[in-house]
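Grab the viewer and work through these exercises with me. Each one sets a task and then walks through a solution.

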Amino acid sequence: MSQFTTDKDWLNWCPNPVKPDFKLPAGAIDAHCHVFGPGAQFPFAKERKYTPCDASRNQLFALRDYLGFERNVIVQATCHGADNSALLDALVHSNGKAKGIATVKPTVTDEELQAMDFAGVRGVRFNFVKRLVDALPFDSLEKIAERIKPLGWHIVIYFEAQDLAEYYDFFTSLPVTVVVDHMGRPDVSKSVTGSEFDLFIKLLNDNPNFWSKVSCPERISLSGPDNYTDVIPFARRVVETFPDRVLWGTDWPHPNMKSHMPDDGKLVNFIPKIAPTTELQQKLLVDNPLNLYWPELSVKTKK
Ligand code: 0GY
């Protein structure tokens, strides 16, 4: 029995998603998903801002197989703070089919970093979304960036569109590859060619070390369940402008979705709307995440 009580308004992940009509290319990678606990085995962090339902590694692996993905990139969820035990447990039990993004403090030891690297961690997440975390100060984040650089790791950043201007100079000073979660959470009530989204495009355009996940239409959309058409122009602009630096993920088990819980099969069916050609789909779902997370398996042709 877990000692944790799930938040009253928490929506559990969809237990019976549809089988997607869109057939994923062979070797497709779900490059943004999480595990929660189980709380009885991997307690949630004291400093967490939400208490989720359980979402175990075996449930994640079952979803991977059901939807037709080959591999996962598991991102440390804020409900586990900087205790990466659940993430590491998932990685070591994945049979080499999962890599991870951890959350660390500046006090992390070299031995801890080495052990995480051995288990399959390939980056750290810097989170600036205030409802999720109290972000570390820039100098602490800079220290972490310097510590992970020799390992060849990258940094995943999570922020919302209205905050990009404030963080822009810090982000572009980071010394490694940087992956932005969910296109920087654009406000899709604004124009796709307006100044706010143009700044995000400039971030990727001027900084070749920046990548973007084009995930989470269900979070970004203002148009309601299973109808995320307002997100399409934003995601397509990113996919078509930066085809070699985009990633896609389910975001299972969808933390903090309060309006509705998406069906993961329907999310997969949404992919061709944002990556309309087989070439773009191959890059988004296979080649790009392989290059970043499994370079040893990548068959990238040298130009
Ligand atoms: C996401 C989104 C959220 C939460 C987390 O680590 C987390 O707690 O990532 C969110 O609530 O927006 O990226 O899955």
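**Exercise 1: the ligand shell**

Which of the 16 residues around the ligand come nearest?

Solution. Keep in mind that this is a predicted model. Start by selecting residues with a heavy atom within 4 Å of the ligand. That selection holds 16 residues, and the nearest are His-34, Tyr-50, Thr-78, Tyr-158 and Asp-251. Next, sort the shell by residue class: five are nonpolar, six polar and five charged.

**Exercise 2: polar contacts and burial**

Find side chains that place a polar atom by an oxygen atom of the ligand, then work out how much of the ligand the protein buries.

Solution. Take the side chains one at a time, with 3.5 Å as the limit for a pair of N or O atoms.

- Tyr-50: one of its polar side-chain atoms sits 2.5 Å from a ligand oxygen.
- Arg-125: an N or O atom of its side chain is 2.8 Å from an oxygen atom of the ligand.
- Arg-185: here the distance from a polar side-chain atom to a ligand oxygen is 3.5 Å.

Now for burial. On its own the ligand would expose 350 Å², and the protein buries 100% of that. As a last step, look at the space the ligand takes up: this is the largest cavity.

**Exercise 3: reading the sheet**

Trace the strand order, pick out the edges, and check one pairing in detail.

Solution. Walk across the open sheet and you pass eight strands in the order E1-E2-E3-E4-E5-E6-E7-E8, with parallel pairing. To find the edges, look for strands that pair on one side only: these are E1 (29–33) and E8 (246–247). For the detail, zoom in on E6 (residues 178–180) and E7 (residues 210–213), which run parallel and are joined by three bridges. Val-180, for example, has Ser-212 in E7 as its bridge partner.

**Exercise 4: backbone oddities**

Which peptide bonds into Pro-38 and Pro-253 deserve a second look, and where is the residue with an odd phi?

Solution. First, the background: most peptide bonds are trans, and most residues other than glycine have a negative phi. Then go through the cases.

1. From Gly-37 to Pro-38 the peptide bond is cis, with omega near 5°. Pro-38 belongs to the loop between E1 and helix H1 (57–67).
2. The bond from Trp-252 to Pro-253 is cis as well, with omega near -5°. Pro-253 lies in the loop between E8 and helix H9 (264–274).
3. His-254 is not a glycine, yet its phi is positive, at about 60°. His-254 is also found in the loop between E8 and H9.

Methods
Residues numbered from 1 in each chain as written. Predicted model: local features only at pLDDT ≥ 70, side-chain atom pairs only at ≥ 80, totals over all residues. Heavy atoms only, no water. Polar contact = N/O pair within 3.5 Å; in protein donor to acceptor, adjacent residues only side chain to side chain. Areas by Shrake-Rupley, 256 points an atom, 1.4 Å probe, with all protein chains shown as cover. 1 Å grid on protein atoms, 1.4 Å probe; cavity = no way out; pocket = protein on both sides within 12 Å on 5 of 7 lines; lining within 4 Å. Sits in = over half its atoms within 2 Å of the grid points. Nonpolar A, V, L, I, M, F, W, Y, C, P; charged D, E, K, R; others polar. Pairing = 2+ DSSP bridges. Helix = DSSP H or I, 4+ residues; strand = E, 2+ residues; numbered from the N terminus.
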